[in-house]
Amino acid sequence: MRYEFTNEFEVEASADDVWAIYSSSNLRTSAVQLLPNFLKSKDILEGDGHTVGTIFRVVFLPGHNLPMYKEKIVTIDHKKRLKEIQTIEGGYLETGCTFNFEMNFCVIKTVTKYDINDDLATSVPGHLHILLDACVDLARGVSKHITEKNASAAK
């Protein structure tokens, strides 16, 4: 069965400023800093951290019951402000999770798509909401970071 969840978060910053963070190699360290109660680490295993082919290892803090996984950047489109990341090992790979981040018009839109066997359908969505909430929390953190940075620059 195929599922799709969509979150949209309006950002009080320009799409260029938001994309500069989401498309940078620093997003992995920013994510750990902005989600200190959720992410333990996000390490680059291959690549430069911001181009197609980069592979990350994502480790969650104890207590979240989420397994470590590896993800790969499969699409970067600077014109569309689109970044697609796919789970390639561990985690919920058996469910085919693919994460798409589209940033346009100061809205961060996260689309999570996954296929799942019917016998797992009752157990995975409960854990998946934790990942979906983290996407929204990251968007809020990025928005706050940009707002504070712009306020400091205006002084």
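Is Ala20 buried, exposed or partly exposed? Ala20 comes out as partly exposed, because its relative accessible area is 45%, which lies between the 20% and 50% cut-offs. Keep in mind that we're looking at a predicted model here.

Where does Ala20 sit? Look in helix H1, which spans residues 15-22. Although Ala20 and Arg81 are 61 residues apart along the chain, their C-alpha atoms are separated by 9.5 Å.

Now over to Glu71, which belongs to strand S4 (residues 69-77). Glu71 counts as buried, because its relative accessibility is 4% and the cut-off is under 20%. What does its side chain pair up with? The side chain of Glu71 makes a polar contact of 3.3 Å with that of Tyr69. Leaving aside residues up to four places away in sequence, Glu71 also touches a run of residues from Thr54 to Phe56, plus Val58, and another from Ile85 to Ile88. Lys42 is on that contact list too.

Here are the two residues next to each other:

| Residue | Element | Relative accessibility |
|---|---|---|
| Ala20 | helix H1 (residues 15-22) | 45%, partly exposed |
| Glu71 | strand S4 (residues 69-77) | 4%, buried |

And how far does the predictor trust all this? The protein chain has an average pLDDT of 79, with 78% of the residues scoring at least 70. Confidence peaks in strand S2 (residues 39-46), at a mean of 96, and bottoms out in strand S6 (residues 98-104), at 48. Over residues 100-105 the pLDDT stays under 50, yet the model gives that stretch 28 contacts beyond four places in sequence.

Conventions:
Residues are numbered from 1 along each chain as its sequence is written. This is a predicted model: local features need pLDDT of at least 70, side-chain atom pairs count only at pLDDT 80 or more; totals for chains, interfaces and linings use all residues. Side-chain values use heavy atoms; hydrogens and water are left out. pLDDT is the predictor's confidence in each residue, from 0 to 100. Helices (H or I, at least four residues) and strands (E, at least two) are DSSP runs, numbered from the N terminus. Contact means heavy atoms within 4.5 Å. Buried means under 20% relative accessible area, exposed over 50%, partly exposed in between (1.4 Å probe, protein chains only). A polar contact is a pair of N or O atoms within 3.5 Å; within protein, one must be able to donate a hydrogen and the other to accept it, and residues adjacent in sequence count only if both atoms are side-chain atoms.
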